[in-house]
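Colleague: I would be grateful for a close look at one part of this model, namely the question of its disulfide bonding. Please set that part in the context of the chain as a whole, and add any buried side chains that merit comment.

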Amino acid sequence: MATMSKTHRSKPTHGSKRLVLLSTLAVAALLLLFFSSSFSTRGSGLVDYFSRSSRTKRQHSLSDKYLYWGDRVDCPGKNCESCAGLGHQESSLRCALEEAMFLNRTFVMPSQMCINPIHNKKGVLNGSSDNESWEVSSCAMESLYDVDLISEKIPVILDDSETWHIVLSTAMKLKERGIAHVNGASRRELNDSSHYANLLLINRTASPLAWFVECKDRIDRSNVMLPYSFLPSMAAPRLRNAAEKIKAQLGDYDAIHVRRGDKLKTRKDRFNVERTQFPHLDRDTRPEFIMTRIQKQIPPGRTLYIGSNERAPGFFSPLSARYKVVYSSNFSEILDPVIENNYQLFMVERLVMMGAKTFFKTFREYETDLTLTDDPKKNKNWEIPVYTMTKTRKN
């Protein structure tokens with residue numbers, strides 16, 4: 001029987017130990033210098049490097065707990081067939097994500113986002129005819145959002161993933177020990193009840209009006225777990241990349257988001273008088289009023305990026321007398337290879353506008369926002385439009 005012979009090594013001397021230690025320290029110092037110089041963009045370059053390189057795709061298993069709201073945002077419900085605009089659907093999606101956070105569960109996100117045709121016209125500001133639209137009725141959720149990036153805050157899987165099919169089949173086999181169908185219960189009730197604590201899957205049927213109705217307590221800001229800016233900042237990598245390229249070309253710039261289009265709809269009352277939900281919006285978003293509104297915060301000569309759903313060609317041209325006006329159409333070489341629908345375009349534009357030195361929104365989201373109008377974003381009353389300067393303006 002063969003025996004394994006031992007290899008005898010001479011005991012290192014004190015001098016050789018010291019030499020090895022000094023060599024190790026020298027190599028470590030060189031590596032530190034290399035990483036610091038190569039990856040430092042802001043703050044600690046070494047920390048930034050390791051935080052990026054350590055970002056790996058989250059793994060999910062049957063030891064996790066899951067929350068499912070439906071295979072389409074706002075489904076089932078009145079918005080299921082026609083579907084709402086991106087902002088409306090994001091509000092609903094944010095509500096569902098907040099509940100997953102609150103319950104400490106992985107959210108099963110719809111793999112597709114419905115696109116409303118009203119909000120999918122290319123628009124004259126993008127160099128297209130008034131009737132031209134993108135010929136798509138939906139898009140992959142991953143073409144809009146970075147699911148892995150979202151998962152760093154709230155664990156998420158898509159409903160077309162293998163993980164979801166395993167979770168669902170397992171929950172169905174376990175029956176009442178694996179799944180609960182919930183309708184009408186609040187997130188606090190779900191959290192406080194021991195019945196739901198160990199279930200693999202909670203299948204939530206949300207309000208038929210819209211998913212976001214389940215978060216009606218958002219009026220109290222202390223109950224908001226995810227800010228309005230969360231999903232816009234979670235844009236898909238190639239959308240973020242496009243926005244960064246545009247921002248780099250713009251340099252030092254300001255921006256305004258001018259919401260007109262669908263928000264200017266009117267209807268006649270029983271006396272045949274036209275009314276609108278936003279009585280000052282049409283006036284406040286015209287170039288001459290915009291110029292008055294922004295002049296204190298944005299001095300003449302500045303580069304002004306305009307994002308808008310306005311349909312009329314040359315509508316904002318009067319602003320060129322004071323500012324270097326630019327639109328998304330000025331960056332077609334960046335956007336054309338990337339953009340397939342208006343939702344993607346708006347996501348890029350939001351990132352660009354959020355990166356401006358001074359940014360005016362149309363409506364106020366937070367108290368510190370600069371806005372083009374003082375009309376509230378939500379108004380159930382229909383009022384007579386106002387076109388004269390009779391209202392005291394805040395900014």
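**Disulfides and buried side chains**

Modeller: Cysteine 114 counts as buried, because its relative accessibility is 8%; the term buried stands for under 20% relative accessible area, exposed for over 50%, and partly exposed for values in between (1.4 Å probe, protein chains only). This is a predicted model, in which local features need pLDDT of at least 70 and side-chain atom pairs count only at pLDDT 80 or more, while totals for chains, interfaces and linings use all residues. Residues are numbered from 1 along each chain as its sequence is written, and side-chain values use heavy atoms, without hydrogens or water.

The partner of cysteine 114 is cysteine 83, and the two are joined by a disulfide with an S to S distance of 2.2 Å (a disulfide being a pair of cysteine sulfur atoms within 2.5 Å). The torsion about this S-S bond is about -70 degrees, and the disulfide of cysteine 83 and cysteine 114 is therefore left-handed. It ties together distant parts of the chain, 31 residues apart: cysteine 83 sits in the loop between strand E1 (66-68) and helix H3 (86-103), whereas cysteine 114 belongs to strand E3 (residues 112-114). Helices (H or I, at least four residues) and strands (E, at least two) are DSSP runs numbered from the N terminus. Cysteine 83 is likewise classed as buried, because its relative accessibility is 3%.

The rule yields two disulfides in total. The other pair is cysteine 95 with cysteine 215, whose sulfur atoms are 2.1 Å apart. Here the angle about the S-S bond is 95 degrees, and the link of cysteine 95 and cysteine 215 is right-handed. It also connects distant parts of the chain, 120 residues apart, with cysteine 95 in helix H3 and cysteine 215 in the loop between strand E7 (201-205) and helix H8 (237-250). Both cysteine 95 and cysteine 215 are buried.

Cysteine 139 should be considered alongside these pairs. Its closest cysteine sulfur is that of cysteine 114, and the two sulfur atoms cannot be bonded because the 9.3 Å between them is too far. Cysteine 139 is itself buried, since its relative accessible area is 7%.

Two arginines complete the account of buried side chains. Arginine 293, in helix H10 (residues 287-294), is buried because its relative accessible area is 5%. A polar atom of its side chain lies 2.6 Å from the backbone oxygen of threonine 371. Arginine 302 is placed in the loop between H10 and strand E11 (303-308), and it too is buried, as its relative accessible area is 14%. The side chain of arginine 302 makes a polar contact of 2.6 Å with that of aspartate 252 (N or O atoms within 3.5 Å; within protein, one able to donate a hydrogen and the other to accept it, and sequence-adjacent residues counted only if both atoms are side-chain atoms). Neighbours within four places in sequence aside, arginine 302 is in contact with Asp252, Tyr253, Asp254, Tyr323, Lys324 and Lys357, where contact means heavy atoms within 4.5 Å.

As to the wider setting, the protein chain contains 12 helices and 14 strands. Of its 395 residues, 45% are buried. Among contacts in the protein chain with a separation of 6 or more, 73% come from residues 24 or more positions apart.
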